[in-house]
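Reader: Could you take me through one part of this model up close? I'd like to see how a single helix sits on its sheet, and then what lies around it.

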Amino acid sequence: MLQGLRTVIYPVSDAAKAKKFYNALTGAEPYFDQPFYIGYNVGGYELGLDPNPKKQASGPMEGPLTYWGVANIEEAYANILAIGARPHLPIQDVGEGIKVASVLDPFGNAVGLIENPGFKAQ
């Protein structure tokens with residue numbers, strides 16, 4: 001069902017400071033830079049920054065979310081719930097044919113799923 005790692009998204013509290021750090025780390029400017037998301041292409045994979053992270057009930061922002069590529073997100077989401085995961089974030093169309101969702105594994109870890117027709121495995 002999983003096609004491989006595709007994307008990791010880090011929550012950040014200061015977009016300008018985060019861009020300065022990740023520009024230096026990646027050696028590049030982001031290819032996508034909007035108030036709601038900052039994206040870098042790193043060797044064909046996505047490194048994303050979320051400047052508007054969701055807060056947990058306990059207060060601090062959630063940690064990074066790693067997305068695994070899938071061919072059909074609706075099918076993959078249903079299958080992973082059927083084997084014991086719990087819903088976390090519902091399937092969302094984020095534009096350009098890209099859909100994302102996440103579940104919680106039996107231990108409470110967030111597992112992201114991404115259907116991206118533009119991603120070609122290397």
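**A helix and its sheet**

Author: The buried residues of α1 pack against β1, β3 and β4. Bear in mind that we're looking at a predicted model. The residues doing that packing are A18, Y22 and N23. They span an arc of only 130° around the axis, so they sit on the same side of α1. Flip to the other side of α1 and you find A16, K17, K20 and A24, which are exposed.

As for the helix itself, α1 covers residues 15-26. Its 12 residues reach 16 Å from first C-alpha to last, close to the 16 Å expected at 1.5 Å a residue. It lies across β1 (4-11), β2, β3 and β4, and runs at about 5° to β3.

Now for the sheet underneath. It's an open one of eight strands, in the order β2-β3-β4-β1-β5-β8-β7-β6, and the pairing is mixed. At the edges are β2 (32-34) and β6 (86-95); each has a single partner strand, so one side of each is left without a neighbour in the sheet. On average, neighbouring strands here are turned by 20° against each other, ignoring direction.

Let's walk through some of the pairings. β3 (residues 37-42) and β4 (residues 45-50) are antiparallel, with five bridges between them. One spot to click on is N41, whose bridge partner in β4 is E46. Further along, β1 and β5 also run antiparallel, joined by five bridges, and here T7 has Y67 of β5 as its bridge partner. On to β8 (residues 110-115), which pairs with β5 in the parallel sense over three bridges; W68 is matched there with L113 in β8.

β5 (residues 65-69) is worth a pause of its own. L65, Y67 and G69 form its covered face, while T66 and W68 are on the uncovered one.

That brings us to the largest nonpolar core, which has nine residues: V70, I73, A76, Y77, I80, A85, A101, V103 and L113. Both α2 (73-82) and β7 (98-104) supply at least two residues of this core, and α2 gives the most, with four. If you want one residue to centre your view on, try A101. Setting aside neighbours within four places in sequence, A101 is in contact with Y67, I73, Y77, L89, P90, I91, V111, G112 and L113. Two names in that list should ring a bell: Y67 is the bridge partner of T7, and L113 is that of W68.

Note on methods:
Residues numbered from 1 in each chain as written. Predicted model: local features only at pLDDT ≥ 70, side-chain atom pairs only at ≥ 80, totals over all residues. Heavy atoms only, no water. Core = buried A, V, L, I, M, F, W, Y, C linked by side-chain atoms within 4.5 Å. Buried < 20%, exposed > 50% of the residue type's maximum accessible area, 1.4 Å probe, protein only. Contact = heavy atoms within 4.5 Å. Pairing = 2+ DSSP bridges. Axes fitted to C-alpha atoms, helices over the stretch in contact; angles between N-to-C directions. Expected span 1.5 Å × (residues − 1). Arc of directions from axis to C-beta.
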